[in-house]
Amino acid sequence: MTQNDRPSPEAFLRAAAQEGRGRLKVFLGAAPGVGKTWEMLTEGHQRRDAGVDVVVGVVETHGRRETEALVQGHEVIPRRDVEHKGHSLGEMDIDAILARAPQLVLVDELAHTNAPGSRHPKRYQDVEELLDAGIDVYSTINIQHVESLNDVVASFTRVRVRETVPDSILEQAEIEVVDIPPDELIERLKDGKVYIPHEATRALGHFFSKSNLTALRELALRRAAQAVDAQMLEHVRANALAGSFAVGERIVVAVSELPHAAGLVRAGKRMADALRAPWTAVHIETQRHRQFSDEERRQLADTLALATRLGASTASIPAADVVEGLRQFAGEARATQIVIGKSSRSWWFEMRHGSVVDRLVRSVGDVAVHVLPSGEDTVPGRRERQRRRGKWGNPVDYFWSLLMVATMAVIGRLLLEALDLGNIALLFLVPVMFAAATFGLRAGLFAGLASSLAYNFFFLPPTGTLTVSNPENVISILVLLGVAIVTSQFAAGVRAQADLAGSSARQNAALASFSRQLTAAVTREELMQAICAEVSRLLDVRAVLLLPSADGPVLAAALPPEDRLEQIERAAAQWAMENDQPAGRGSATLTASDWLFNPLRSSAASGRGVLGVLGIARTDAADPLRSDQLPLLMSLLDQASIAFDRLMLEEENLKAQAVGERDRLRSALLSSVSHDLRTPLTTILTAAQEMRQHPSGELAEAIETEALRLNRFVANLLDMARVEAGALPMKPEPTDLFDAVAGAAHDTRAALHGHAVQLDIPPDVPLVRVDPVLLHHCLINLLDNAGRYADSGTPIVIRCRRAPDLLLLSVIDQGPGIPAGQEKRVFETFTRLEGSDRVRHGTGLGLAIVKGFAEAMGLSVEASNNETPHGACFTIRIPNALILKSFEDRDVP
């Protein structure tokens with residue numbers, strides 16, 4: 001391949017834009033637990049030992065002792081507290097890092113979503129700001145968080161990750177793959193080095209199966225290889241380095257409008273699979289493209305659609321010549337192999353036009369060219385097209401060309417006295433260029449011949465005849481004719497290039513607009529209506545979209561909305577769905593239909609088959625699609641299929657999450673019912689049997705206590721159902737907190753047996769506007785929770801304190817407390833934490849009810865650990881808006 005001495009302007013500008021920016025290195029893993037954070041911290045230590053100023057911006061250790069030990073010795077920038085819904089969340093302090101200005105900062109979990117109120121919504125945006133400031137960054141990410149692979153990962157893991165990072169971040173980063181075999185990662189998971197035991201067991205049966213880990217590992221390695229290859233090509237283009245740099249194979253398949261092109265695509269697919277290489281199917285648009293028949297355009301569109309279904313990238317490149325366009329595209333793509341077909345042509349044709357294959361082999365240098373025989377160069381309709389080529393085109397074009405020649409002859413006669421014959425001859429170049437640029441090469445040649453004859457007839461002596469008396473004037477005529485021919489060819493070539501470029505620009509703009517409309521749709525109904533609306537607008541047709549059902553195709557969207565389909569149209573739509581092929585008018589099947597139906601195919605990864613069919617028709621009953629619109633329609637169908645597939649995958653993922661949550665709640669409810677109903681029922685039955693033989697007040701009290709316990713359990717179930725249904729009757733009124741606390745302590749005296757209740761409430765505590773019944777339920781559940789989990793014989797403190805803009809009402813017990821990082825989980829439905837005092841008997845509903853009731857009243861509740869004395873502290877936060885009068889501010893513990 002010939003060397004291009006000029007660097008790629010785009011690549012050069014991108015390289016120049018990186019000057020002065022920090023360097024990003026990403027530690028990429030296939031799944032959690034492979035050791036990304038460990039590797040990042042270890043390399044950070046090595047850089048620090050080498051004299052680099054290194055700080056830790058944020059590192060998530062997840063309680064792993066080995067990781068926590070690696071953090072030691074690094075300077076750690078304290079996190080910034082962000083208040084969100086009454087909670088304090090720790091986020092990376094980007095301002096402190098910028099003020100500290102280290103050489104290198106370690107930032108864990110690149111895909112993390114920042115708390116609301118942060119400067120940037122995503123952590124990768126924080127990292128970009130650090131890079132812009134000239135600070136190097138090391139970060140970590142799992143392959144499922146890469147935006148372009150999100151759907152692929154979800155298709156086999158059935159888990160959709162909501163936090164993603166744009167591929168552009170990885171494209172500018174140095175990537176280090178942190179990789180361990182799946183079996184080793186599974187062993188780490190079983191040993192509790194990734195998740196706590198009960199979560200690890202669940203993970204092994206779902207996301208962390210060996211098949212999933214193997215697929216994720218392959219994705220990570222391939223994505224890293226693609227990023228390295230892209231960065232290498234970017235460097236090559238920016239520095240105008242010659243050669244294909246064939247460290248990895250890259251295949252280009254040249255396709256045409258001929259039937260054998262489908263065979264070339266399949267051969268390219270087999271070659272790409274064997275080499276595990278990316279491949280592209282490219283069509284070079286020349287002036288011949290404008291003369292294609294409808295059948296040839298359809299054949300070309302089908303071939304490109306086949307390439308897309310087989311996983312290729314597709315491109316349609318305008319060029320003056322097939323060989324030149326293919327050579328330039330292969331050079332820009334740094335292709336290592338080209339697949340092209342060779343048709344059987346006559347020796348006379350090759351003598352006149354040359355062999356495309358021979359010229360390509362001579363021009364591409366070190367690129368391997370695979371030539372596949374393709375038989376006769378014939379397609380249906382080619383004879384008709386060749387006959388059309390024999391015609392000279394529209395007579396109107398020649399009329400205007402002849403009129404321009406006549407006009408120049410009149411002007412020349414008027415200026416004959418002022419100009420010599422040589423200058424008058426130049427006037428006749430004007431109609432030649434006009435005709436060639438406006439009507440094409442043939443009209444330009446006609447104008448050239450007419451100009452030479454007019455010049456001879458009207459201006460060369462003897463005038464009025466075509467006889468030339470002076471031999472020198474013969475040379476003038478021949479020169480004029482030659483210049484006219486050359487000018488016509490150049491002008492026609494420029495016109496053809498302009499037409500191709502304009503057509504490509506219009507199609508790209510249409511596709512970009514279509515993509516924006518599809519991206520804006522958030523529901524399936526909006527998406528389907530957007531597809532119909534945009535297809536109708538871009539192709540000037542009526543459009544309908546039908547979905548498969550047990551009863552046949554169902555009309556889901558239409559533009560105009562009143563469109564309804566007859567039986568023949570429904571039959572064509574059904575055939576298109578079942579056979580994954582176009583049907584209806586303009587196709588080869590069920591042509592009696594006025595509509596043309598094209599299938600919307602799902603991606604190979606999702607394996608859903610045909611998602612639906614898109615039908616188009618014209619109001620004037622003409623053919624639904626012009627031949628030149630077919631490539632645009634195929635591109636629209638591809639984009640619509642991708643958008644539809646994505647939305648369906650999101651809906652399935654949401655349903656799977658809902659089913660998983662429902663199963664979890666069902667299991668938790670059955671476990672809770674089996675324990676919390678069986679225990680008091682057993683006590684009641686035993687006491688009742690004893691009372692038959694030996695009546696006793698103690699037994700009656702036991703029955704009453706356990707019956708009350710059952711009543712509380714059933715009441716909690718009903719209250720939780722009301723919370724989740726949002727059916728809480730609200731009757732807010734001024735309420736005295738002292739009375740509310742005293743009443744709740746009295747009603748829970750049995751649950752608080754063995755614990756002294758200490759009230760630390762100022763006498764002038766203000767009234768608050770809340771629902772007294774709901775507040776009473778909140779306090780009862782908090783006191784019951786404290787009595788259940790506090791150490792025996794320890795007091796339970798109920799404290800009220802004033803804070804800026806808040807009133808804090810706390811219930812404090814003395815016990816092991818809540819595990820670090822689990823303060824929010826205690827309020828989830830049926831949650832009973834392990835490894836703490838919260839694992840004791842209980843339904844796991846009480847604290848969830850407290851949270852639901854509090855939020856319904858406009859309050860918030862939070863859990864924390866008390867230091868002195870040690871124990872759990874649950875605080876109801878009452879905002880100023882609900883406080884009826886103030887009292888003396890007191891210190892908040």
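**Glu43**

I started with Glu43, which sits in helix α2, residues 36-49. This is a predicted model, so I read every value below as computed. Is Glu43 buried or exposed? Glu43 comes out at 14% relative accessibility, and because the cut-off for buried is under 20%, Glu43 counts as buried. I then pulled its contacts, skipping residues up to four places away in sequence, and got Lys25, Phe27, Tyr138 and Glu176. Tyr138 made me look at β7 next, since Tyr138 is one of the residues of that strand.

**Strand β7**

Strand β7 covers residues 136-142, and 7 of its 7 residues are buried. I checked which way the side chains go. Asp136, Tyr138, Thr140 and Asn142 point one way, while Val137, Ser139 and Ile141 point the other way. Both sets are buried.

Which strands pair with β7? One is β1, residues 24-29, parallel to β7 over 6 bridges. To pin down the register I noted that Val26 has Ser139 as its bridge partner in β7. Another is β6, residues 104-107, also in the parallel sense, over 4 bridges. Here the register marker is Leu106, whose bridge partner in β7 is Tyr138. So Tyr138 turns up twice in my notes: as a contact of Glu43 and as the bridge partner of Leu106.

I also traced the connection from β6 to β7. The path goes by way of helix α5, residues 123-132, and the β-α-β unit is right-handed.

**Ala101**

Just a bit back along the chain I looked at the loop between α4 (94-100) and β6, where Ala101 lies. Ala101 has phi near 50°, a positive value in a residue that is not glycine. Its relative accessible area is 47%, so I logged Ala101 as partly exposed.

**Asp805**

I made a similar check on Asp805. Phi is near 65° there, again positive in a residue other than glycine. Asp805 is in the loop between β22 (796-803) and β23 (806-812). With a relative accessible area of 55%, Asp805 is exposed.

**The sheet with β14 to β18**

Next I drew out an open sheet of 5 strands. Its order is β15-β14-β18-β17-β16, and the pairing is antiparallel. Which strands stand at the edges? They are β15 (554-559) and β16 (583-584); each has a single partner strand, so one side of each is left without a neighbour in the sheet.

Inside the sheet I followed one pair in detail. β14 (residues 542-547) and β18 (residues 610-617) run antiparallel to each other over 5 bridges. Leu545 is matched with Leu614 of β18 as its bridge partner. Helix α22, residues 524-539, lies across β14, β15 and β18, and its angle to β15 is about 50°.

**Cis peptide bonds**

I looked for cis bonds and noted two of them. Leu559 and Pro560 are joined by a cis peptide bond with omega about 0°. Pro560 is in the loop between β15 and α23 (567-579). The bond from Thr868 to Pro869 is cis too, with omega near -10°. Pro869 is in the loop between β24 (860-866) and β25 (871-879).

**Pro318**

One more proline, this time in a strand: Pro318 belongs to β11, residues 313-318. Pro318 is partly exposed at 31% relative accessibility. I took its C-alpha distance to Thr286 and got 6.1 Å, with the two 32 residues apart in sequence.

**Cysteines**

How many disulfides does the structure hold? The count is 0. I looked up the exposure of two cysteines anyway. Cys778 is buried at 1% relative accessible area, and Cys800 is buried at 0%.

**Whole chain**

I left the totals for last. The protein chain has 29 helices and 25 strands. Of its 893 residues, 45% count as buried. The accessible surface is about 44,100 Å², with 55% of that on carbon and sulfur atoms. For contacts between residues at least 6 apart in sequence, 70% join residues at least 24 apart.

How values were computed:
Residues numbered from 1 in each chain as written. Predicted model: local features only at pLDDT ≥ 70, side-chain atom pairs only at ≥ 80, totals over all residues. Heavy atoms only, no water. Pairing = 2+ DSSP bridges. Helix = DSSP H or I, 4+ residues; strand = E, 2+ residues; numbered from the N terminus. Contact = heavy atoms within 4.5 Å. Axes fitted to C-alpha atoms, helices over the stretch in contact; angles between N-to-C directions. Disulfide = S-S within 2.5 Å. Buried < 20%, exposed > 50% of the residue type's maximum accessible area, 1.4 Å probe, protein only. Areas by Shrake-Rupley, 256 points an atom, 1.4 Å probe, with all protein chains shown as cover. Right-handed = clockwise from strand over helix to strand, strands pointing away.
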